[in-house]
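Student: Take one helix in this model and go through it closely, then set it against the rest. Keep to what can be computed from the atoms.

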Amino acid sequence: MTPADPVPQTDPAARPTGAPAPAGRLRAGTRPPAVLLVPAAVAAAFALLPLGYLVVRSLERGPAFARDVILDERTAQLLGRSLALAAVVVAACLLLGISLAWLTVRTDLPGARAWSVLVTLPLAVPSYVAAFAWLSAFPGIEGFTGAAVALTLVSFPYVYLPVTAALRGTDPAQEEVSRSLGHGPLGTFRRVTLPQLRPAATGGAVLVALYVLSDFGAVSLMRYDTFTRGIYTSYRASFDRTPAAALSVVLVVMTIALVAAEARTRGRAGHARTGTGTARPAVPAQLGPWRAAALAWCAAVTAVAVLTPLATLGYWLAVGNSATWDPGRLLDTAGTTLGVAAGGAALTTLLALPVGVIAARHRGRTAALLEQSAYAGHALPGITVALSLVFFAVRYAEPVYQELPLLVCAYAVLFLPVAVAGTRAAVLQSPPVLEDVARSLGRSPLRVLREVTVPLAAPGVAAGAALTFVVCMKELPATLLLRPTGMDTLATRLWTETGTGSFAAAAPYAAALILLAAIPSYLLGRHRT
Amino acid sequence: MRRPLVQRLTAIFAAAFLLPAAAGCGVDEDDAGLVIYSGRNEKLVKPLLDELEKAVGTTIAVRYGESAELAAQIQEEGGKTKAGLFFSQDAGALGALSTKGLLAKLPQPSLDKVDPAFRGGAGDWVGTSGRARVIAYNPDKVSKAPDSVHDLVKPEWKGKIGYVPTNASFQAFVTGMRVLEGDAATRTWLKGLKANDPKVYDNNLKVLEGVGEGEVSLGLVNHYYWYEQVAEKGAEKIKSKIHFLPGGDPGALVNVAGVGIVKGSDQAPVAQKAVDFLLSEKAQKYFADDTKEYPLAAGVTSSVEGLPPLASLDAPKIDLGKLESLQETLKMLQDAGMV
């Protein structure tokens with residue numbers, strides 16, 4: 001399409017008369033229908049379980065003790081260190097995630113499809129494996145730099161995946177209009193594309209920040225003292241749950257503040273296309289002379305984020321002779337892992353759906369409360385969430401304690417926000433007008449959800465499900481405490497093997513983890529073509 | 001174009017709920033006569049626990065995890081714990097459960113199989129195998145390793161020491177020094193060590209590599225890492241040697257892995273049989289030969305080549321249950337700028 005072509009159907013002024021609100025705009029005042037509200041409340045209550053446990057535990061020795069722990073000078077110091085790390089990692093992830101998403105979705109980058117699978121693989125690398133890889137290669141990197149590098153390279157797909165989904169969902173016509181009005185490619189990207197990506201990108205950024213706050217593996221290997229290390233020290237050094245719980249409450253408060261702040265920056269902009277006609281696939285931007293640079297950028301990121309850990313695994317295989325290959329066991333373990341991770345992703349996505357739709361479509365106290373509840377426990381270290389589920393399960397759900405359903409529920413509590421972010425960003429991109437029309441034609445809210453909202457948001461929901469699947473696969477602390485006795489996942493085997501320094505025997509399990517992560521990325525990529 | 005994806009997702013989700021049910025999930029712990037929470041690594045103790053299953057004559061189920069986390073789990077479970085036996089990697093986690101009154105008193109004949117130095121003061125846990133702190137050194141760099149950790153603060157060792165300040169065994173050793181020599185002396189020693197600019201490693205194996213390659217002249221490690229390396233890579237490839245410190249030096253601390261019976265468990269009679277099996281000659285030989293640790297009972301001595309017998313070690317006399325409180329040690333290490 002040449003810049004001179006008119007694109008009247010996307011003119012914002014051409015909004016159909018009688019439409020209740022501009023596209024994608026949140027509706028103030030309308031109460032979410034019960035069909036959304038009830039399941040969303042269930043999901044939120046679920047996600048708040050750890051907080052309930054933490055309040056019980058931190059007040060175990062009276063409020064004065066908890067206050068002393070929280071007001072300790074060191075607590076503030078550690079919090080500062082955690083936040084500094086989170087800020088740097090978030091900035092780096094935004095840069096990597098958005099640039100790679102644009103290159104793989106919107107340009108004529110050679111091998112875009114392969115790159116789009118490759119750059120999501122780092123997500124499957126457990127943070128301590130990444131940290132270990134970087135330390136082996138560059139021993140001097142430890143401390144802040146090392147922690148920031150390792151965490152960025154495992155968590156940038158949190159930004160990449162939702163932004164990719166958003167780019168596929170936006171109507172390129174708006175960008176074409178911008179070009180036709182005389183803006184250059186960069187100006188168009190900044191003024192038109194970037195604002196449309198904002199819900200997806202900030203949603204991803206919040207997930208990255210919370211991931212950094214909760215991480216223990218990378219920071220402990222890099223010896224960068226953070227808040228989470230303080231919590232682990234309390235469990236591991238003094239076998240004391242009370243200070244750990246008091247510190248965890250601080251993390252929950254921080255999380256809610258962060259999510260609330262992010263919500264405030266959202267503004268009231270609409271993110272969906274309106275008008276008649278359907279969006280066409282975007283015409284890929286011609287990279288021209290920049291092609292080599294773009295390829296180099298993708299190759300560099302893939303090399304450092306995927307090849308470094310893989311090279312470490314290769315090194316593990318090469319140096320030790322503890323490699324007792326047991327393909328049968330590896331296959332069994334991979335099968336179990338796929339099963340529990342898929343179960344975790346399915347339950348998480350189902351629970352996230354009503355919360356995500358409400359967060360996208362409704363404004364007001366209830367909507368905000370539901371979304372914040374979903375996020376509340378996401379910065380907590382896995383061990384804290386696991387202990388809280390032990391606490392509740394032995395009291396109120398003993399039959400499922402240390403059985404698969406509880407493990408799957410634990411994944412949902414841990415990773416609900418991952419799926420909520422994907423759903424919310426995707427729903428924002430579809431015009432609420434269509435839902436209104438369906439309602440006015442007599443469809444029930446449930447049918448509107450099933451026949452309009454979810455199908456339109458499917459790519460984003462699927463991206464969220466894929467993310468959840470991968471993070472469930474590599475989850476360790478909660479899996480160790482809550483799995484059925486005798487069950488192994490790839491992550492627990494990796495833990496077992498590295499625990500005795502049998503790195504050669506550990507390597508196949510880590511490699512399998514990375515390879516399995518390619519499956520959802522590949523499926524998502526296929527959908528695109 | 002979108003509908004097929006929805007359908008595909010639905011199919012995946014449906015499969016997802018069915019798959020876990022189909023996946024093998026090991027032993028059902030409700031059918032097991034004994035559930036063991038093991039803080040000891042599966043690779044280290046699985047063969048032994050298979051033997052234990054035969055010895056106690058009933059099915060066992062084993063849940064592996066980190067000792068400290070499993071101790072926290074047992075505390076959270078309270079009276080409803082599924083665990084009959086807690087098999088811990090170190091004395092500290094057992095000491096913590098003992099302090100909380102969560103372990104049952106063991107019968108005197110079982111306790112008597114092990115030297116009082118290697119069991120709980122309240123008689124509710126017993127050590128099953130021991131490990132000694134040693135100094136690893138590179139014979140090309142130093143002709144003789146020092147006989148006391150107190151020598152390490154001398155200027156001649158500046159920049160020549162490797163250690164792992166985050167390692168639990170190193171921290172247990174520092175706690176031991178605090179119990180033996182007091183907080184003030186320990187603080188001074190840590191300050192002196194730090195002033196000597198020791199090189200920090202990730203783990204004990206890395207320290208051994210560093211010593212072997214001459215990056216540092218000596219390192220503070222546990223004895224069995226060295227013997228494991230010899231087993232994994234062959235004696236000719238290991239360039240470091242190890243030295244056991246004499247004279248009850250804090251640097252010669254012997255820590256133990258041990259077991260306790262969880263209080264109120266209806267598995268207690270089987271758990272009792274399991275404790276006695278772990279202290280039997282068969283099990284003690286396993287620790288000696290396979291995990292390269294020190295056997296503590298049944299008169300078994302280690303057959304590992306070159307390993308001095310436990311009785312010949314001049315370990316400091318210390319109540320291992322007191323190693324439970326690491327909090328103050330960590331504070332010292334933080335103040336000294338080590339962790």
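Tutor: What follows starts with the confidence of the model, goes on to the chosen helix, and ends with some other parts for context.

This is a predicted model, in which local features need pLDDT of at least 70 and side-chain atom pairs count only at pLDDT 80 or more, while totals for chains, interfaces and linings use all residues. Residues are numbered from 1 along each chain as its sequence is written, chains are lettered from A and ligands numbered from 1 in the order in which they are written, and side-chain values use heavy atoms, with hydrogens and water left out.

The predictor gives the complex an ipTM of 0.83 and a pTM of 0.85. The helix chosen here lies in chain B, where the mean pLDDT (the predictor's confidence in each residue, from 0 to 100) is 87 and 91% of residues reach 70 or more. Residues 20-27 of chain B have a pLDDT below 50, and beyond near neighbours in sequence this stretch has 17 contacts in the model; a contact means heavy atoms within 4.5 Å. Where pLDDT is low, the predicted coordinates should not be read in detail.

The part to look at is helix H6 of chain B, residues 168-181. Helices (H or I, at least four residues) and strands (E, at least two) are DSSP runs, numbered from the N terminus. H6(B) has 14 residues and reaches 20 Å from its first C-alpha to its last, close to the 20 Å expected at 1.5 Å a residue; the expected span is 1.5 Å times one less than the number of residues.

At the start of H6(B), a side-chain oxygen of B:Asn167 comes to within 2.9 Å of the backbone nitrogen of B:Ser169. After H6(B) comes B:Gly182, with a positive phi near 90 degrees.

Ten of the 14 residues of H6(B) are buried, so the helix is mostly covered, where buried means under 20% relative accessible area, exposed over 50% and partly exposed in between (1.4 Å probe, protein chains only). Among the buried ones are B:Phe170, B:Phe173, B:Val174, B:Met177 and B:Arg178. What do the buried residues of H6(B) pack against? Their partners in chain B are strands S5 (126-137), S6 (161-163), S8 (218-222) and S10 (254-262), together with helices H7 (183-195) and H12 (327-335).

Elsewhere in chain B, B:Gln229 is found in helix H9, residues 223-233. B:Gln229 is buried, with a relative accessible area of 11%. Leaving aside neighbours within four places in sequence, B:Gln229 is in contact with B:Leu205, B:Leu208, B:Gly234 and B:Ile238.

Chain A has 22 helices and zero strands, and 61% of its 529 residues count as buried. Helix H8 of chain A covers residues 172-180, with A:Pro172, A:Ala173, A:Glu175, A:Glu176 and A:Ser178 buried. The cover over these buried residues includes helix H3 (73-106) and helix H9 (185-214) of chain A. H8(A) is followed by A:Gly182, whose phi is positive, near 100 degrees.

Taking a disulfide as a pair of cysteine sulfur atoms within 2.5 Å, the count over all chains is zero. The sulfur of A:Cys409 has its closest cysteine sulfur in A:Cys472, 12 Å away, which is too far for a bond. A:Cys409 counts as partly exposed at 22% relative accessibility, whereas A:Cys472 counts as buried at 2%.

Technical notes
A polar contact is a pair of N or O atoms within 3.5 Å; within protein, one must be able to donate a hydrogen and the other to accept it, and residues adjacent in sequence count only if both atoms are side-chain atoms.
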